[in-house]
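The following exercises are to be worked through with the sequence and the coordinates side by side. Each task is followed by a solution that proceeds step by step.

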Amino acid sequence: MKRISIFIIAAIASFFTLCNCSTNKAIDLGQPVDKSAQQRVLITTDLEVDDMNGLILSLMFADHYDIAGIVWTAGMYHFQGDGGLHTLGEITPNYRCNAQHCEHTVKNAGELRSYRPVDPTWLDRILNCYEEDYKFLSQNSPDYPTPEYIRSITKIGNIEFEGDYRFETEGSKFIEQIIMDDDTRPLVIQHWGGINTTVRALYSIYEKYHNTPQWEQVLAKVVSKVRLGGSGEDNCRADSKIDEMFPGLQSGGYVMGFFNYGSFFSASDSPRRAADELQPYLHKEWIMDAYKVNHGKLMEQIWLMAEGRAVFGEPYIYNYGLIDFMDWGESARMGWGPASLVSYPRAQYKPYDWAFCQFGCASFINIGLRSDVKNRRNHNTIVMWEELAARADWAIAGPENCNHAPVVTPEKSDLTCKAGNSVTMKATAKDPDGNKLSYKWFVQNESCTYMDGKAENLALDASSDLSASFTVPADAKAGDLFVVTLEVQDCGVERPMTRFAQYVITAE
């Protein structure tokens with residue numbers, strides 16, 4: 001099965017100062033960011049239900065990164081077909097679709113003329129939702145892209161068959177255009193489905209330029225700029241030989257990140273049950289009040305288990321909006337899934353449990369956690385659930401009635417210190433809403449290289465809110481890394497928001 005997993009325009013610099021009616025304090029949302037300085041990401045998706053949730057979250061957090069495109073594509077689990085003219089095996093002999101007989105409607109996956117086709121109207125409807133929510137979202141953060149821009153970068157790619165890159169499409173031409181434009185930032189092309197539309201774009205570039213005097217320049221541009229994130233839902237990357245066409249082509253820029261806990265992890269009888277501390281955020285009691293109901297059009301569209309909506313094109317065994325269980329073993333027996341899952345146990349859920357989410361953009365959300373530090377903590381995921389709840393308010397109310405994240409700025413985040421000596425870390429912090437702040441300093445042991453991250457009770461003096469001293473152990477070796485984190489959260493609010501500052505100390 002598909003992996004389950006638990007945001008461009010240059011804005012005019014200005015300060016947003018609004019009256020907070022409940023506190024009589026000014027709200028300072030700061031200067032708009034330069035979108036051209038953010039990570040540039042292009043999303044391709046097969047629009048399975050996990051991707052639907054991921055796209056909704058991508059728009060809710062779109063002030064954190066620069067979305068270059070949203071392109072509908074095919075994958076091994078979802079393709080639309082060409083109206084019955086061809087089968088998968090005729091178009092893509094080296095297919096990966098692992099369906100067996102689909103309740104005996106075919107003899108094997110190669111005979112499929114379409115497979116779990118997705119709703120062709122969904123993208124347009126979700127953009128309508130974003131447009132309705134944008135009025136208030138943009139008041140709470142001036143860094144959201146306009147609905148007009150998002151519409152202009154949303155395209156249909158190669159959706160007929162898994163691994164099908166035979167023809168240029170609107171989506172492949174758009175990806176080609178983005179690759180070849182004058183923006184020199186790394187372009188992370190994420191593949192939440194198959195890679196075939198991106199392959200078609202690269203193939204077109206090769207066909208146009210490889211026998212021309214411009215080829216060496218084009219090759220250098222592509223391999224320095226493009227980052228291919230995830231490509232496991234078809235074989236066309238290897239079949240097309242694009243890595244031979246573009247030697248040095250880079251991969252990367254795709255991490256599931258936050259919200260990768262689906263209902264698969266929340267059921268009490270699931271073999272991969274989420275930790276107890278995460279459970280409250282995966283069930284109806286919190287979800288409905290926090291963001292699902294009366295929190296704008298986008299969050300209303302989040303798919304939850306057994307909520308009463310049918311997922312277009314899905315057989316009943318995968319129609320998680322109607323059913324309150326996951327049974328991949330049964331899907332294998334019915335021929336919808338691979339035979340290897342036949343012994344997988346069924347897990348039972350409650351209505352409105354959190355459903356699936358593939359949200360590759362989560363790794364580009366900036367809450368102060370460093371990308372060069374190991375930050376796989378359940379607590380950080382809880383911080384992001386709370387952030388989502390606060391942002392859900394942004395879709396329905398102006399800044400005076402919403403909460404906003406503290407702004408935390410480390411004075412210097414990379415430090416060196418001799419073994420046995422101490423080093424001081426400092427930061428500044430303010431809250432846009434004028435709320436009081438709480439502060440917590442701690443050594444992130446699992447992120448340290450000293451004693452393989454297993455050291456405990458390292459000496460940290462955090463007697464001040466915005467400064468702390470750390471003592472490097474006397475037996476530390478030169479090059480040992482220590483990670484100290486400052487966590488700042490606003491107090492006295494229903495939907496708190498948290499930001500971090502992280503310091504890396506290198507032993508001399």
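**Exercise 1. Determine which way the side chains of strand S6 point and how far they are covered.**

Solution. Begin with directions: Leu187, Ile189 and His191 point one way from S6, Val188 and Gln190 point the other way, and all of them are buried, where buried means under 20% relative accessible area, exposed means over 50% and partly exposed lies in between, with a 1.4 Å probe and protein chains only. Strand S6, residues 187-191, is accordingly mostly covered, with 5 of its 5 residues buried. Helices (H or I, at least four residues) and strands (E, at least two) are DSSP runs numbered from the N terminus.

Before going on, note that this is a predicted model, in which local features need pLDDT of at least 70 and side-chain atom pairs count only at pLDDT 80 or more, while totals for chains, interfaces and linings use all residues. Residues are numbered from 1 along each chain as its sequence is written, and side-chain values use heavy atoms, with hydrogens and water left out.

**Exercise 2. Identify the strands that pair with S6, and give a bridge partner in each case.**

Solution. Two strands pair if DSSP finds at least two bridges between them. S3 and S6 satisfy this with 5 bridges in the parallel sense, and within this pairing Thr44 has His191 in S6 as its bridge partner. S6 is also joined by 4 bridges to strand S7 (residues 226-229), again running parallel, and here Ile189 is partnered by Leu228 in S7.

**Exercise 3. Check the length of helix H1 (residues 49-60) and describe its surroundings.**

Solution. The expected span of a helix is 1.5 Å times one less than its number of residues. For the 12 residues of H1 this gives 16 Å, and the end C-alpha atoms are 17 Å apart, which agrees. Next, 12 of the 12 residues of H1 are buried, so the helix is largely enclosed by the rest of the structure; among them are Asp50, Asp51 and Asn53, as well as Leu55, Ile56 and Leu57. The buried residues of H1 pack against several elements (contact means heavy atoms within 4.5 Å), including strand S3 (40-45), strand S4 (66-72), helix H3 (122-140) and helix H14 (378-394). Leu57 also serves as a reference point for Trp354, since the two are 297 residues apart in sequence and 13 Å apart in space, C-alpha to C-alpha. Trp354 lies in the loop between strand S10 (347-348) and H14, and is buried, with a relative accessible area of 0%.

**Exercise 4. Describe how helices H5 and H7 pack.**

Solution. Axes are lines fitted to C-alpha atoms, for helices over the stretch in contact, and angles run from 0 to 180 degrees between N-to-C directions. Helix H5 (residues 170-180) and helix H7 (residues 215-225) pack at about 95°, with axes 10 Å apart. Angles under 35 degrees count as roughly parallel, over 145 as roughly antiparallel, 65 to 115 as roughly perpendicular and the rest as oblique, and H5 and H7 are therefore roughly perpendicular to each other. At the contact, Ile178, Ile179 and Met180 in H5 meet Val218, Lys221, Val222 and Lys225 in H7. These residues divide into 5 nonpolar, no polar and 2 charged, where Ala, Val, Leu, Ile, Met, Phe, Trp, Tyr, Cys and Pro count as nonpolar, Asp, Glu, Lys and Arg as charged, and the others, Gly among them, as polar.

**Exercise 5. Give the strand order of the open sheet of 4 strands and find its edges.**

Solution. The order is S11-S13-S16-S15, with antiparallel pairing. Strand S11 (407-410) and strand S15 (460-464) are the edge strands, each pairing on one side only. Neighbouring strands are turned by 20° against each other on average, direction ignored. S11 and strand S13 (residues 422-430) pair over 4 bridges, and Pro410 stands opposite Ala427 in S13.

**Exercise 6. Locate His104 and Asp452, and examine phi for each.**

Solution. Most residues other than glycine have a negative phi. His104, however, has a positive phi of about 65°; it is placed in the loop between helix H2 (88-91) and H3, and counts as exposed at 66% relative accessibility. Phi of Asp452 is likewise positive, near 55°. Asp452 is found in the loop between strand S14 (437-443) and S15, and counts as exposed at 67% relative accessibility.
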